[in-house]
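Biologist: Could we go through this complex together? I would like to begin with the interfaces and then turn to the sheets.

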Amino acid sequence: MRTYFLRRLFVLLGSLFVIVTVNFVLFRLMPGSPVDTVISPDFTPEMKALLMERYGLNEPYYIQYGLYLKNLISLNFGRSFQTRLPVWDELLSRLPNTLLLLGSSFLIMVVTGVALGIFVASRRGSRWDTVLTGSAVFFGAMPGFFIALLLLLVFGYYIDVFPVHGTMSAPPPTGFWPRVYDRLLHLVLPVASIVVSGVGSWMMYTRNHLVTTLAADFIRTAQAKGLSKRRVLYGHALRSSLPPLVTLFFLSLPNIITGAVVIESIFSIQGIGRYLLQATLRQDYPAIEGAFFFIAVAVLLCNLLADFVYRLVDPRIEVR
Amino acid sequence: MAELRVEQLNVVYHTDDGAIQAVENVSFHLAPGRALGIVGESGCGKSSLASALLRILPPEGSVSGRIYVDDTDILQIDENAFRTQFRWSRVAMVFQGAMNALNPVIRIGQQIAEAIWAHERVTKTAARQRVEHVLQLVGLAPETAHRYPHELSGGMRQRAMIALALACYPEILIADEPTTALDTLMQVQILLELNRLRRQFGLSLILISHDLSVVAHTCDEIAVMSEGRFVEYGPTDEVLRRPAHPYTQALVRTYSEPHTVKVGKGRASPTDAAAPTVSTTDDRRDGEIILEVKGLHKHYSQRRRSRRRWPGGVHALVRAVDGVDLTIRRGEIVGLVGESGCGKTTLGRTILRLEEPTAGSIMFQGIDLARVSTAELRRLRRHMQIMYQDPFGSLNPRLSVLETVAEPLHIQGWGRSMAERKSRVVQALADAGIKQPESLLQRYPGELSGGQRQRVALARALVLNPVLLVADEPLSMLDASLRADVIRGMMQSVRRRSLSLLFITHDLSSARYVCDRIAVMYMGKIVELAPAASLFERPLHPYTQALLDAVLSIDPGVNMLPPRIAGDVADHSAPPAGCRLHPRCPLATERCRHSAPGLEMFEANHAVACHHGAEAWTTYALRR
Amino acid sequence: MILRKWLTVLLMITFMLCMSMGALSAADGAWDGNGPYVDEIIMPIITDSEARYLALLRGEIDIYPDVNRPSDIRSFAADPRIDLTMTPGLHMFYMGFNLQREPLDDPVLRRAMAHLVDRESLVFSVFDGYVFPLAEAVPESSPFYHRTAHVAEYDPQLAERLLNEAGYVRGEDGIRVDPRTSKPLRTLTLITPTYEESPTSAEVAVRLAQTFQNAGIPVAVVSLEFNTMVERLLRKDPVTGERDFDLFVSGWGLARYPLHLYTLFHSSFDVNGGNNVTGLRDAAYDAAAEKLWRPRTLEQAYEAAAEAQEIWAALQPYIPIYSLTYIDAFRSDRVTGYVEHVGYGAASNPLASPWTALNIRRVDQPEGRGGSIRWLLFDDPGTLNILASYTAFEDQVLGLIYDSLITANPETNEDYPWLATSWVIDTWTTESGEEGSVITYQLAEGVTWHDGVPFTAYDVKFTMDYLKEKKPPNLQAVWQDYSHSIVHDDLTVSVYYNTVSYWHTYATGGFLAEHIWSDVDDYESFQPWREPHPEVEGLTKLIGHGPFVFKEWVPGEYIRLVRNESYWRSQG
């Protein structure tokens, strides 16, 4: 187990190294120089040169690269061109919003998705099955941002019940509970957007997996044992569908992070996703690199976690 | 003690293509403590019948008729009452294919306990004790409760399945093909287990099988089922000795045809004399050596089962072939027999260098195949061909018979046109035993029967006029009635072309009919090598003896004996020191535990790898 | 002075828009600058345009500056609760020529092409009329606008005649012949940003290409990703000295004073990476532009600007096409008193125009005083550090916090005394013997920083000295020619520059409070709003002398400002 862990860690670090290198190369292949976008074009060439020098952008690439790696190791991504704040601090300050948004939507999405999947799998061929499967396909085909905008318009305007931007009122109410309520209210639409666009695939995945599992021989055994329908469904069918669901859970986390870019922008939420977007639009190298590193680490950790949890839920995987 | 009475049972499946009658007007009576065997080919409705008895048919199936357990018609009571009062508590079932029938992610003990809790309110401790009890009843250690199904061997899994069926101490047990996926040694053990349990608990047993010989030794009565009906139903002796229905007669006949005569206890039946086995001639015995394998090893560095591959995964060394010496002469048929996993398939593939050997030499017509270049190997391929077990998987469904058989010619660049190749294809098909080869040329594998397919596969192997043919279980996927044809085809072409054949099989009786010499393999090593007749008359190795014992006949007069080699094959990645059989061998001594016996000539042409060959023979002969 | 010729057009368009949408009206003209009248400004930060749109409809914001989506404009115009203002901006969108390549080095061809462009129809078909047609190098919203004699109006017949007379006659295939080579004109490449990045630019480019094509001048549109396009335009091959394009479309933000006539067209900028990408080299023009760059007085600046514009029009390095407008939306059922500032809009540029911030009030407050208004912010400002600000969002906030020495009259854009009540321009001789400007400012009385410390001449001197020392790139124009300052008394300061230029008058700033900034060494990472004020509770180090006091910023959520109770103008 320990050697296994070390090996995985080694692989993880290797992947990370590749990712950060690609990251470095990619953004230096992009046309234009950061100075053009960051700074008013009115600047004289001499002034631009001064700026390039100040940010180390006119050093040869290999020196920039060495510096870059050195900084990554010390979690020093430098300061954002835009805000002059250390990128790491900025990312950390934005993390809670992203975690809250993604955490709550993911939880709700998975729980409802799996619940709906069980519901329709046990009623295969019924009207419920047709309706829910149809809607899942419908919403699954819609781009996420479109669903978000739809919700924004419907619940933000026509049925004016939920706030449409930010994570709090400006300014927020006083008192702890009113603040919590305010915060939750602001979460409703963004979370709903993520849930609506993702819950369908979870439902379908659960449903299809359960349907296959329900046809398996051991389900017949479980039935023949005299177990109740509930027990067969939950204790056997769902239990053995758990490993793939767990894998899906962790492997779809990265997608959710990507989705956060869109959702955070639409709902003006100060999170990692929006940070990445802003940084990219403004060619803010340190910020982009920092955000990508952050996301890469998150994704790799998800993979690692997936592997370990998979081992917990599927006894057929052996570790030595 | 319960009695089961079935009257006018019908099972109909309502599908999109209309109604399918799976069981039609079946009636029978099973007295308490009696055993009924239901025999029929797959699709005859025997599994639907079993499902109906437990009321676990899929939703599209409907049942009519009456099923009385004692005096209750179980088709008349509501589902919940049936579930709690009958299903599994009074009528339980052993499913076939225990790997799939047990939930892979739940521990065995839990799966058994669940069944108990579904019917009885017992404490955790009581349930655990019961689990351990039923495990012990079927000969499993109590610790097995903590295992997952994949951690058990096939035999252990089947035992666990039986333990699960016993969880609520049922009165009626239905066993649906309980031994089908098992090796012969294990099959006998499981059947004996069922017999013992039946006696011990006064169980009424319904044993469902496609194999007449399985029910012959277990059941008081036999029902032969065909197309949903009982075509014959009566006491076992009666049915086997005087089959009335033509279907039953045909079925019984397949067990008595020469090539599949079940050789019970080494008694050579008089009909065997006519078998070509005895025509083993000296010229074949002394002919030119085509293949000489020396010290062949094939070790796999096998990764542990893992969901994903990462560099530097955990390896385990599997010694699939571990030091084999073997020679095959021109025109000779050598059989290679052994339990599944003994390494016989790997040996066959390594000989043709379809697998890279780890060590050893393979002299084929004076050339060491283990060392030739790829180009040279490619040239030599035309002289050695392989034929696979599965005629469905080994033929490309998109190629016609002509294209299929001509393909090796094409690859080897033989002949300039299809027309030129065609005559050769036709000849090969004829040699393979196909009556009117021309009519078959433009057909596709999907349009052929299983037997025809296997003969087409044989023709493809023969078309290049090879010197050596390796046939890997060519019969195992075929129905009993088709085997005779395929075997005949093979034998003819071997004789006609002076072909050397390595015949890999787990079925001793067909090997006896086909082969000049037979090699018995156990855990990567050949343990006994002898002329077929000699091997059957004087099996020297305890393992060979056990295999012979385990061959079942349909003669109800012959009793099943518990095989003297019990238990399971050891872990291949950690073979036992000394003789590899010693943990299972009744004759094992201290010497067997430390030193591995080599394959040595015991008498002329009869080699055995056993420290106690002579003693083994004596005990065996005495036991008979 | 402004809106001379375009006044009719403006009125006409405004009138038409009013008729069609019923809601577009001018703001009420009063702008006494005696405010501020509201107690609090909350600036919600909303990044998504749909959410912004909804926020105004829902009443979450009262002011939506710089509305730029046509669909939003239409919707707001139709809403009786919403008032839209449309103000000409200081901006120029144009098609540029590569003057150093044949055949575009021929001024007759360029001029004829300019006559082919129907701006009014472009403005209406591409922009629904929400921009102003522009035919000259300086828009009318600038006080330096000069109506030139050579302006090339839309006149296809004239263009046809000019072309034919110069020998650009149509060949058999309809393509005109280059008189110099007697061969058909080669296909000219017109570079534009991609449709995805700038749909209107791409569309204008396509329409222009079509126009020229129809007139027998073959033009092919090449769309490039914006950064690639900029690189292509700026790159001058070091060997051949050539730039690799024929035509391009682009926009340029301008200032109140037309220095772009120097920075975009003076021959000294015709270098690799320089902004004179058309490659204009004209001695007479250079002279005029230099004079404009360094005028001694305001009068001289006007003269030089007029002269440069005349020569420019004759040379026609660009075809100006339109000038953007500022469209600002207000909830007129809740706020009133916003001021349209020509060139800056009614709510888009608080840093350049303090008028709306000072004058706006809530309709529901007695006597129009008090209450809170909500002013939309498109995105988070970067730092709220005036020395490190690069974004417009930053300026929107900082404009409410800081006052400038001199501001502009919202109607005419002419100088308007502010923290400096008067100023005198003189010259002095620098140590190197050059002549330089010295400007003596008289500061207003009673001005204090938000923490109560008086704003004095010493703060001006400190600001200028600090900038000279630190050289922040975004304020290069302020410090690059600065020499030193001499404080005469608390309210009088002379600022010395190394060169002579009237523009230095505007460059001088006094926005750094000496008692705060004197301790700041690393100005770039200084986050004034994050550091509490050393003495006054409830304040941060982000203090200015403007009408509003910074209270809080919750990044990503909102910024809150409150009225400066001791604002110097409201006392007067």
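Modeller: One term first: a polar contact is a pair of N or O atoms within 3.5 Å; within protein, one must be able to donate a hydrogen and the other to accept it, and residues adjacent in sequence count only if both atoms are side-chain atoms. This is a predicted model, in which local features need pLDDT of at least 70 and side-chain atom pairs count only at pLDDT 80 or more, whereas totals for chains, interfaces and linings use all residues. Residues are numbered from 1 along each chain as written, chains are lettered from A in the order in which they are written, and side-chain values use heavy atoms, without hydrogens and water.

Biologist: How many residue pairs are in polar contact between chain C and chain A?

Modeller: There are 14 such pairs, with both residues at pLDDT 80 or more. By class, the side of chain C that touches chain A has 19 nonpolar, 13 polar and 15 charged residues. Here Ala, Val, Leu, Ile, Met, Phe, Trp, Tyr, Cys and Pro count as nonpolar, Asp, Glu, Lys and Arg as charged, and the others, Gly among them, as polar.

Biologist: And how many salt bridges does the rule find there?

Modeller: Three are found across the interface of chain C and chain A, a salt bridge being a side-chain nitrogen of Lys or Arg within 4 Å of a carboxyl oxygen of Asp or Glu. Arg274(A) and Asp379(C) form a salt bridge through their side chains, at 3.3 Å from N to O.

Biologist: What area is buried between chain C and chain A?

Modeller: About 3,800 Å², of which carbon and sulfur atoms give 54%; buried area is the accessible area (1.4 Å probe) that two parts lose on being put together, summed over both. On the side of chain C, the residues that lose the most area to chain A are Arg58(C), Tyr390(C) and Glu557(C), together 17% of what that side buries. In contact terms (heavy atoms within 4.5 Å), 47 residues of chain C meet 50 residues of chain A.

Biologist: Which chains share the most contacts?

Modeller: Chains A and C do, of the two pairs of chains in contact. Chain B and chain C have no contact, and their closest C-alpha atoms lie 41 Å apart.

Biologist: What ipTM does the predictor give the complex, and what is the mean pLDDT of chain C?

Modeller: The ipTM is 0.78 and the pTM 0.72. On pLDDT, the predictor's confidence in each residue from 0 to 100, chain C has a mean of 88, with 94% of its residues at 70 or more. Over residues 1–29 of chain C the pLDDT is below 50, and this stretch has 51 contacts in the model beyond near neighbours in sequence. Where pLDDT is low, the predicted coordinates should not be read in detail.

Biologist: Turning to the sheets, what is the strand order of the six-strand sheet in chain C?

Modeller: The order is β5-β11-β4-β10-β8-β9, in an open sheet with mixed pairing. Strands are DSSP runs of E of at least two residues, and helices runs of H or I of at least four, numbered from the N terminus; two strands pair if DSSP finds at least two bridges between them. β5 (132–133) and β9 (219–224) of chain C stand at the edges with a single partner strand each, so one side of each is left without a neighbour in the sheet.

Biologist: How many bridges join β4 to β10 in chain C?

Modeller: Seven bridges join β4 (residues 91–97) to β10 (residues 247–253), and the two strands run antiparallel. Met92(C) stands opposite Trp252(C) in β10(C).
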